[in-house]
Amino acid sequence: MVFTGAGVSAESGVPTFRGEDGYWKKYRPEDLATQEAFARNPKLVWEWYDFRRSLLSTKKPNPAHLRIAEWERCFQSVHVVTQNVDGLHQRAGSQKVHCLHGDIWVTQCTACGQSERNLQTPLREIPPRCRCGGIQRPGVVWFGEPLPQDVWRQAEQVCAGAELMFVIGTSAVVYPAAGLPSLAKARGCFVVEINLEPTEFTARTDLFLRGRAGELLGAL
Ligand code: OAD
């Protein structure tokens, strides 16, 4: 099992959340990533997601994403559980990807609930509208919202059966996702963490590899 966070996409040029140039250093999550923020100002929230989508459309998978995708082709059962919404694991060729925090390329109607894949950058209309006339929201999980239950169940299952887990580029502070490495450890899984710096989880990891994910995974 490979469990990833924003750090795995950093070498693609995608900002993290809590790093030096991280989004949450410049913006407040309460203004951009909650249901309340969206209800108050859907245009502002969509402008931020539109900006991120446009940025992502200029980026590509880095050696970390590519190496992880290669593992899936080399070994019998490799699952990626990610907190990222950027789609870079899928673009690198990973097929078993469980997206705990949703997908920035999906929009969901707040009126009829219909979800659709929308790759338009920049969006022609902000906020985008559904065929039913309702306002669409980004298909991501915001603070205060539950994770998609089916994806969470799959992640727990993968975790419970994992022999080896890589925890890559996550600050391991956003729960429930951040609880997965401890769950795996409790089941006897060997956990390898790759990060630029120690995290909340590092004291419990079996092996900590300090450095950039793309460089380290390329060298493994
Ligand atoms: P963070 O921004 O909190 O953490 C990124 C981690 O990646 C940090 O621990 C960095 O040290 C590490 N890092 C940065 N560059 C790296 C590199 N090249 N190689 C290896 N590690 C690197 O991002 P997440 O842990 O993913 O949720 O954040 C979790 C959640 O908080 C996100 O999914 C998002 C955010 O708010 C929601 O929006 C719900």
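Contact here means heavy atoms within 4.5 Å. With that in hand, W105 is in contact with R53, L56, S57, V85, D86, E116, R117, N118, L119 and T121, leaving aside its neighbours within four places in sequence. Keep in mind that this is a predicted model. Below you'll find the ligand site, then the neighbourhood of W105, then the cysteines and some backbone oddities.

**The ligand and its shell**

- There are 23 residues around the ligand, and F17, R18, T170, S171 and N195 come nearest.
- By type, the shell around the ligand splits into nine nonpolar residues, ten polar ones and four charged ones.
- S171 has a polar side-chain atom 2.5 Å from an oxygen atom of the ligand.
- H101 also points a polar side-chain atom at a ligand oxygen, with 2.8 Å between the two.
- A213 joins in through its backbone: one of its polar backbone atoms sits 2.9 Å from a nitrogen atom of the ligand.
- On its own the ligand has 790 Å² of accessible area, and the protein covers 93% of that.

**W105 and strand β4**

- W105 lies in strand β4, and D103 is in that strand too, which runs over residues 102-109.
- Is W105 buried or exposed? At 8% relative accessibility it counts as buried, because the cut-off for buried is under 20%.
- Y49 is 56 residues away from W105 along the chain, yet their C-alpha atoms are separated by 9.7 Å.
- The backbone nitrogen of W105 also has a polar partner: a polar atom of the D103 side chain lies 2.8 Å from it.

**D103 and R117**

- D103 is buried, with a relative accessible area of 16%.
- Not counting residues up to four places away in sequence, D103 touches V85, R117, G139 and V140.
- What joins the side chains of D103 and R117? It is a polar contact of 3.4 Å.
- R117 is found in strand β5, and at 56% relative accessibility it counts as exposed.
- So this side-chain pair has a buried end at D103 and an exposed end at R117.
- With neighbours within four places in sequence set aside, R117 is in contact with D103, W105 and V106.
- P63 is 54 residues from R117 along the chain, and the C-alpha atoms of the two are separated by 26 Å.

**N118 and the loop after β5**

- N118 sits in the loop between β5 (115-117) and β6 (136-140).
- N118 counts as buried, at 10% relative accessibility.
- The N118 side chain reaches the backbone nitrogen of Q120 at 2.9 Å.
- Beyond four places in sequence, N118 is in contact with R53, W105, T107 and L123.
- R53 also turns up among the contacts of W105.

**Cysteines**

- How many disulfides does a search of the whole structure find? The count is zero.
- For C130, the closest cysteine sulfur is in C112, 3.7 Å away; that is too far for a bond, because a disulfide needs the sulfur atoms within 2.5 Å.
- For C99, the closest cysteine sulfur is the one in C159, and at 16 Å it is too far for a bond.
- Both of these cysteines are buried: C99 has a relative accessible area of 16%, and C130 is at 12%.

**Backbone oddities**

- Most residues other than glycine have a negative phi, and most peptide bonds are trans, so the next few items are worth a look.
- T121 and P122 are joined by a cis peptide bond, with omega about -15°.
- P122 is found in the loop between β5 and β6, which is where N118 lies as well.
- Y175 and P176 are also joined by a cis peptide bond, here with omega about 5°.
- P176 is found in the loop between β7 (164-168) and α8 (180-186).
- A172 is not a glycine, but its phi is positive, near 55°.
- A172 has its place in the loop between β7 and α8, and at 5% relative accessibility it counts as buried.

Notes:
Residues are numbered from 1 along each chain as its sequence is written. This is a predicted model: local features need pLDDT of at least 70, side-chain atom pairs count only at pLDDT 80 or more; totals for chains, interfaces and linings use all residues. Side-chain values use heavy atoms; hydrogens and water are left out. A residue is near a molecule or strand if one of its heavy atoms lies within 4 Å of it. A polar contact is a pair of N or O atoms within 3.5 Å; within protein, one must be able to donate a hydrogen and the other to accept it, and residues adjacent in sequence count only if both atoms are side-chain atoms. Accessible areas come from the Shrake-Rupley method with a 1.4 Å probe; for residues, only the protein chains shown count as cover. Ala, Val, Leu, Ile, Met, Phe, Trp, Tyr, Cys and Pro count as nonpolar, Asp, Glu, Lys and Arg as charged, and the others, Gly among them, as polar. Helices (H or I, at least four residues) and strands (E, at least two) are DSSP runs, numbered from the N terminus. Buried means under 20% relative accessible area, exposed over 50%, partly exposed in between (1.4 Å probe, protein chains only).
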